[in-house]
Amino acid sequence: MGMGTYSGENDRETTERAIRTALKMGYRHFDTAKIYGSEPAVGNALRRAIHDGLVEREDIHVTSKLWSSDHHDPLSALHQTLKKLGMEYIDMYLVHWPVSLKPWVDYPVPREEDFETLDMENTWSGMERCLEMGLCKSIGVSNFSSRKIEELIDFACVTPVVNQVEMHPMWRQKKLRSICGDYGIHVSAYSPLGGPGNAWGTTAVVDHPIIQSIALKHNATPAQVALRWGLSQGSSVIVKSFNPRRMKENIGALDLTLDDWDLFEIEKMEERKIMRAEYLVNDTTSPFKTIEELWDEEI
């Protein structure tokens, strides 16, 4: 189970304190990205914990991501990430989105004039160079559809290790998990609770009657049921909370076991994608003219 570190409102001190608390609870995977603005706090908290003997570097897993304005030079972007983290390497480096933006775009929602043509073959070659130089232990992608995975496989020398995507009981990603499984690509779930803490998120997953019923049956919380479902599918889950009570609740999902009936009931839940990223679609400058093109009909 990983800890996400994206937060629109939390300051560096709050983030560092939350990471230290998480380490004491048993979290060992920390997920950050250039666009999150949390790399300095993540690095500082982890370096301090290593210095204090709370954890060894080899025991933690740090993921960061190539932002869309850096597709032209992943190597330089990763050097900047390492500088912010104060680390010699990270464990996983992901292409954040299959979208290229102009070099100065350092905000998450691009304007119409910000888009560039994506040369994914060149981007992936840069990612492979990062791996060759030992700046990261593995490389992967995020927000890639089944088709985009297959297109990448066609020219990649190194197969991505991970595809990090939205996945939860109301967006189960069955086709994508099957395609990724064919290529030995691990699927990591972001927003495994439906992103209730985000502006675009919803409580629909944890409020769903089926999730509530299963939680009651096991004397667990709805969040624990949703997280355990993700883990039961062979995926890792990235949870984002800086609230110590919720952090403890989330990691408690590791102690829960869902039976076949529970999994069967969850399969009945209606599906809808929550993180749709409509802001990456436009009629003029984006390579994606419709939301269906962005997700290759997996929407």
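Visitor: Which residues line the largest cavity?
Guide: In this predicted model, the lining is made up of Asn 143, Phe 144, Ser 145, Val 165, Glu 166, Trp 171, Gln 173, Leu 176, Lys 273, Trp 295 and Glu 298.

Visitor: How does that lining split by class?
Guide: You get 5 nonpolar, 3 polar and 3 charged residues around the largest cavity.

Visitor: And what's its volume?
Guide: The largest cavity comes out at about 80 Å³.

Visitor: How many cavities of 30 Å³ or more turn up in the whole structure?
Guide: The search finds 1.

Visitor: OK, switching to pockets. Which residues line the second largest pocket?
Guide: Pro 98, Leu 118, Met 120, Phe 144, Arg 147, Lys 148, Glu 151, Leu 152, Phe 155, Phe 288, Glu 293 and Asp 296 do. That pocket has a volume of about 180 Å³.

Visitor: What's the class split there?
Guide: The lining of the second largest pocket has 7 nonpolar and 5 charged residues, with no polar ones.

Visitor: Where does the largest share of that lining come from?
Guide: From α5, which supplies 5 residues.

Visitor: Let's stay with α5, then. At what angle do the axes of α5 and α6 cross?
Guide: Helix α5 (residues 146-155) and helix α6 (residues 174-182) cross at roughly 15°, and their axes come within 9 Å. That angle is under 35 degrees, so α5 counts as roughly parallel to α6.

Visitor: Left-handed or right-handed crossing?
Guide: Left-handed, as α5 passes α6.

Visitor: Which residues meet there?
Guide: On the α5 side, Ser 146, Ile 149 and Glu 150; on the α6 side, Lys 175, Leu 176, Ile 179 and Cys 180. By class, this α5 and α6 contact has 4 nonpolar, 1 polar and 2 charged residues.

Terms used
Residues are numbered from 1 along each chain as its sequence is written. This is a predicted model: local features need pLDDT of at least 70, side-chain atom pairs count only at pLDDT 80 or more; totals for chains, interfaces and linings use all residues. Side-chain values use heavy atoms; hydrogens and water are left out. On a 1 Å grid over the protein atoms alone, a cavity is a set of points where a 1.4 Å probe fits but cannot get out, and a pocket is an open set with protein on both sides within 12 Å along at least five of seven lines; lining residues have an atom within 4 Å of a point. Grid points are joined across faces, edges and corners, and a volume is the space filled by probe spheres set on the points. Ala, Val, Leu, Ile, Met, Phe, Trp, Tyr, Cys and Pro count as nonpolar, Asp, Glu, Lys and Arg as charged, and the others, Gly among them, as polar. Axes are lines fitted to C-alpha atoms, for helices over the stretch in contact, and angles run from 0 to 180 degrees between N-to-C directions. Helices (H or I, at least four residues) and strands (E, at least two) are DSSP runs, numbered from the N terminus. Angles under 35 degrees count as roughly parallel, over 145 as roughly antiparallel, 65 to 115 as roughly perpendicular and the rest as oblique. A crossing is left-handed if the near helix is turned anticlockwise from the far one by less than a right angle, and right-handed if clockwise. Contact means heavy atoms within 4.5 Å.
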